[in-house]
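Please open the model in your viewer and keep the selection tool at hand. The tour begins at the ligand and then moves on to a few places in the protein chain that repay a closer look.

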Amino acid sequence: MKIAIMGFGVVGSGVGEIIKNNAESIAEKVSESVEIKYILDLRDFPDSEFKCFTKDFNDILNDDEVKLVVEVMGGTNPAYTFTKQLLSAKKHVVTSNKELVAKHGTELLEIAKANSVNYMFEASVGGGIPIIRPLINCLAGNEINNIKGILNGTTNYILTQMISCGKSFDEALKGAQENGYAEKDPTADVEGHDTCRKTAILASLAFGKEVDSEKIQTEGITKITLSDVALANKLGYSIKLIGLCEKAENGVYAEVCPMLIPKDNMLSGIDDVFNGIMVNGSFVGDVMFYGRGAGMLPTASAVVGDIIDIVRHKDKNVGIMWTKAEEGYLLDNAERKNSYFVRISSNDEISGEFIVKKIANDTEIGLITSEMTETKLKDMLKEKGVNALSIIKLVK
Ligand code: HSE
C-alpha cells in the first residue's frame with residue numbers, strides 16, 4: 001500500500017517515524033508493506049531522512065498508486081478541499097484534524113461512503129486513546145446514555161502544573177507548547193474550542209446525528225483561579241475542563257466547561273497531558289478510557305492504527321456515519337438542573353437550605369449547592385444581595 005502524508009508537523013513526522021521504524025511489524029500484521037510515497041509540505045526539510053517531499057497536492061491526487069492519504073495539516077483550509085478531492089478520487093483518508101471532522105464530517109463521511117472508501121479519525125479525539133473505534137464497534141450494542149471527557153491535554157497539563165507545581169498559567173502553557181501538546185494558536189485549547197470540537201465528534205458518533213460544534217455552549221479555563229482550585233480541593237473536588245454530551249428524550253445536551261469532579265470519580269485523578277473519557281452505555285454501564293491525549297507519538301499511534309484498519313478493509317467502506325440533525329436536536333442547557341460550586345467573599349452573609357456544603361479560608365467562602373437551574377441560582381444570589389466571584393458546575 002502506497003500512502004502519502006499531508007503536513008509534516010508534530011503528528012505528520014510522528015506518523016513518518018512509526019511507519020519507517022515499525023515497517024516490518026506493520027507488514028506482518030497486514031500481510032502487506034505500507035510505504036510513504038509522498039510527503040506534502042510547503043516547508044523544506046533538507047535534513048530529514050525522508051526524500052519524498054512535494055509541494056504540489058496534485059502529485060498525490062493524480063497518482064493512482066497512492067491509495068491512502070494521511071491528512072495531518074490541521075485547520076479547515078485547504079484540508080477540506082483536499083480531503084473532498086481525495087475521497088472523490090477513491091482514496092482513503094485518515095486524519096487527526098478534529099476541526100475538519102467537527103465542521104465537515106457529515107459531508108466527508110457521505111462522500112467516502114459514496115466512493116466506497118473510508119474517512120477515519122481515531123486520532124481526532126483523545127490523542128492516542130482508542131475511543132472512536134470502541135464507540136463504533138465494541139459498544140455498538142448499547143444505547144449510549146452520556147459521555148464525559150477530559151479531552152484536551154494542554155489544559156489538563158496547565159491545570160496540573162498550576163495546582164501541583166505552583167507554576168503560573170503562562171509558564172505552564174509554555175511547557176505544553178514545548179512538548180508539542182498545544183494547538184498552533186493555544187486559544188483553541190484554553191478557551192475550550194478544541195474540547196468543543198472533540199465533544200461534537202463524540203456526540204455525533206454516539207447518538208448518530210450531527211451535533212454542530214458551533215452551537216455547543218463552551219467555556220475554557222481562563223477564568224479559573226487558584227482560589228477556586230484550593231476551595232474546591234478543601235471541599236473534596238478537583239476542577240477539570242469537561243466536554244460532555246447526554247441523550248435526552250427529544251434530543252441531546254452538549255456542553256464544555258470547567259467542572260468540579262468529586263475525588264472518588266475516576267476523572268478526578270487524570271492529570272498532566274492525560275485524557276480520560278467516561279462512556280455510559282445502556283448495558284455495559286460506565287466504561288473508562290485513559291491515556292495520552294496529545295503529543296507526537298501517541299497521536300501518531302492512533303493515525304497508524306487507522307492506516308492498518310484501512311489496509312485490512314481497503315475494498316469497502318466500513319460504515320462510519322452520522323446524519324444531519326433536525327432543528328432543535330441540540331437542547332438548551334439552561335433547562336438542565338445542576339449542583340454548583342459558588343465562591344463568594346467572606347464579607348457576604350449567606351445561608352439557606354440550598355447550601356449542601358460550605359468551607360472558608362481567610363478571605364473567601366466556597367459552597368456547594370443543591371440541584372437547580374443556573375438561572376434560578378443567579379436569581380437567588382441576587383435576591384440575597386450576594387456577589388458570586390465564581391460559579392462552577394458539579395459533574396453529575
Ligand atoms: N491541543 C490538543 C490537546 C492536541 O492539547 O489536547 C490534541 O488534540
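Begin by selecting the ligand, which in this predicted model sits in the largest pocket. Next, show the residues that surround the ligand, namely K98, N152, G153, T154, Y181, A182, E183, D189, D194, K198, G293 and A294. If you colour this shell by class, you will find three nonpolar, four polar and five charged residues. Colouring by secondary structure instead brings out α7 (153-165) and α10 (193-207), each of which supplies at least two residues of the shell around the ligand.

Now look at individual contacts, starting with G153, where a backbone N or O atom lies 2.8 Å from an oxygen atom of the ligand. Select K198 next, and you will see that an N or O atom in its side chain is 2.8 Å from an oxygen atom of the ligand. At N152, a polar side-chain atom lies 3.5 Å from an oxygen atom of the ligand. Taken on its own, the ligand has 250 Å² of accessible area, and the protein covers 93% of that area.

Leave the ligand now and turn to the aromatic rings, for which the count comes to nine aromatic pairs when centres must lie within 6.5 Å. Select F57 and F82, whose ring centres are 3.8 Å apart and whose planes are at 0°, so this pair counts as stacked. Because F57 lies in helix α3 (residues 57-61) and F82 in helix α4 (residues 79-88), the pair ties together parts that are 25 residues apart in sequence.

Two backbone details complete the tour. Most residues other than glycine have a negative phi, and most peptide bonds are trans. Select N77 and P78, which are joined by a cis peptide bond with an omega of about 10°; P78 lies in the loop between β4 (66-71) and α4. Finally, select S116 in the loop between α5 (98-114) and β6 (119-120), where this residue has a positive phi of about 55° although it is not a glycine.

Conventions
Residues are numbered from 1 along each chain as its sequence is written. This is a predicted model: local features need pLDDT of at least 70, side-chain atom pairs count only at pLDDT 80 or more; totals for chains, interfaces and linings use all residues. Side-chain values use heavy atoms; hydrogens and water are left out. A residue is near a molecule or strand if one of its heavy atoms lies within 4 Å of it. A polar contact is a pair of N or O atoms within 3.5 Å; within protein, one must be able to donate a hydrogen and the other to accept it, and residues adjacent in sequence count only if both atoms are side-chain atoms. Accessible areas come from the Shrake-Rupley method with a 1.4 Å probe; for residues, only the protein chains shown count as cover. On a 1 Å grid over the protein atoms alone, a cavity is a set of points where a 1.4 Å probe fits but cannot get out, and a pocket is an open set with protein on both sides within 12 Å along at least five of seven lines; lining residues have an atom within 4 Å of a point. A molecule sits in a cavity or pocket if more than half of its atoms lie within 2 Å of its grid points. Helices (H or I, at least four residues) and strands (E, at least two) are DSSP runs, numbered from the N terminus. Ala, Val, Leu, Ile, Met, Phe, Trp, Tyr, Cys and Pro count as nonpolar, Asp, Glu, Lys and Arg as charged, and the others, Gly among them, as polar. Rings of Phe, Tyr and Trp (its six-membered ring) pair if their centres lie within 6.5 Å; planes under 30 degrees apart count as stacked, over 60 as edge-to-face and the rest as tilted.
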